[in-house]
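Thanks, everyone. Please have the viewer open and follow along with me.

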Amino acid sequence: MTLSAFDFESLARVNPAALSHRCRIRQTPEDFKVEEKLPFEPAGSGPHVMLQITKTDTNTDWLAKELAQFAGVDEVAIGYAGLKDRHAVTTQWFSVNTEGVAEPDWSAFESDLIKINLITRHNKKLKRGALSGNSFKLNLEVLDGDRDSWESALSQIQKQGVPNYFGEQRFGYQMGNLHGVEQWFEQGRKPKSRNKKVCIFLLHGHGCLILLSASE
């Protein structure tokens, strides 16, 4: 059975009382804030410009392409540690290899949705996965349910965390990534973008959840 037919209500919950709690989340980009944490300090020198950027309602891959065009470099010269949610306010690092080109005025790249917080340099390109973690702030609105129960549940999450279930975040809007990997397997049609990663969940006949991942 494919993920598009999977019943997410059947997944186990840390707190069964969650079924009696309801709220609205992510009504605006400002309701969800993410800040990326690097596992190292930029060297301060080197061929790669390091930019810490706060973006609002902006796709990471699109922003990387815009940076390449603005700096006059190939897209491969841009590095970032990971994708961040589009419909959010996210702070993350990008590296730009400016070898052989004049460094632009980065302030001209800013807009209402893109702010550059820090500019420094590093001796290596920023690679995928090169981050120690992310911090999150999520605004909850119009809470339904007992206040004491809410506070108890949130305190439990703070101490123990929650199962790492995800759906649209990895599989795309209306399972677009899922359909992409099905086309790849059935028709041999690879994703056009080299950065595109597609995944598919299958339920094994014995009830085992299997993750298949594919990328160029």
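Start with the largest nonpolar core, which has 18 residues. L51, I53, L67, I78, F94, V96 and W106 touch the most other members. Who supplies this core? Strand 3, helix 1, strand 4, strand 5 and strand 6 each put in at least two residues. Helix 1 gives the most, with five. In soluble globular proteins, nonpolar side chains tend to be buried together.

One caution before going on. This is a predicted model.

Now zoom in on I53. Leaving out residues up to four places away in sequence, I53 touches L63, L67, T90, T91, Q92, F94, I114, K115, I116 and N117. Its neighbour Q52 sits in strand 3. Is Q52 buried or exposed? Q52 is buried, with a relative accessible area of 11%. With the same exclusion of residues up to four places away, Q52 touches E35, T91, Q92, W93, K115, I116, N117 and L118.

Back to cores for a moment. In addition to the core with 18 residues, there is a second, separate core of six residues. Among its members are L38, A81, W93 and L126.

Now the overall picture. The protein has four helices and 10 strands. From the N terminus, the order reads β-β-β-α-β-β-β-β-β-α-α-α-β-β. There are 216 residues, and 32% of them are buried. Take the contacts between residues at least 6 apart in sequence: 74% of those join residues at least 24 apart. The exposed area is about 13600 Å², and carbon and sulfur atoms supply 50% of it.

Next, charges. How many salt bridges does the structure hold? Seven. I will walk through some of them.

Take E36 and K84. Their side chains meet in a salt bridge, 2.8 Å from N to O. E36 lies in strand 2, residues 32-37, and K84 in the loop between strand 4 and strand 5, so the pair ties together parts that are 48 residues apart in sequence. How covered are the two partners? E36 is buried, with a relative accessible area of 3%. K84 is buried too, at 9%.

Then E35 and K37. The closest N and O atoms of this salt bridge are 3.7 Å apart. E35 is partly exposed, with a relative accessible area of 32%. K37 is partly exposed as well, at 36%.

One more: K65 with D61. Here the closest N and O atoms are 3.8 Å apart. Why can these two pair up along the sequence? K65 and D61 are four residues apart in helix 1, residues 60-71, so about one helical turn separates them. An α-helix has 3.6 residues a turn, so residues three or four places apart point the same way. Exposure splits this pair. K65 is partly exposed at 38% relative accessible area. D61 counts as buried, at 16%.

On to helix 2, residues 147-160. The geometry checks out. Its 14 residues should span 20 Å at 1.5 Å a residue, and the end C-alpha atoms are 20 Å apart, which agrees. Look at the start of helix 2. A side-chain oxygen of D146 comes to within 3.2 Å of the backbone nitrogen of D148. What follows helix 2? G161, with a positive phi near 80°.

That brings up backbone angles. Most residues other than glycine have a negative phi. Which residues go the other way here? R26 is one: its phi is positive, about 55°, and it is not a glycine. R26 is in the loop between strand 1 and strand 2. It is partly exposed, with a relative accessible area of 35%.

D57 is another case. Its phi is near 50°, a positive value in a residue other than glycine. D57 lies in the loop between strand 3 and helix 1. At 30% relative accessibility, D57 counts as partly exposed.

Last stop: T28. Like R26, T28 is in the loop between strand 1 and strand 2. T28 counts as partly exposed, at 36% relative accessibility. Now find A88. T28 and A88 are 60 residues apart in sequence, yet 7.5 Å apart in space, C-alpha to C-alpha.

That is my tour. Over to you for questions.

How values were computed
Residues numbered from 1 in each chain as written. Predicted model: local features only at pLDDT ≥ 70, side-chain atom pairs only at ≥ 80, totals over all residues. Heavy atoms only, no water. Buried < 20%, exposed > 50% of the residue type's maximum accessible area, 1.4 Å probe, protein only. Contact = heavy atoms within 4.5 Å. Areas by Shrake-Rupley, 256 points an atom, 1.4 Å probe, with all protein chains shown as cover. Salt bridge = Lys/Arg side-chain N within 4 Å of Asp/Glu carboxyl O. Core = buried A, V, L, I, M, F, W, Y, C linked by side-chain atoms within 4.5 Å. Expected span 1.5 Å × (residues − 1). Polar contact = N/O pair within 3.5 Å; in protein donor to acceptor, adjacent residues only side chain to side chain.
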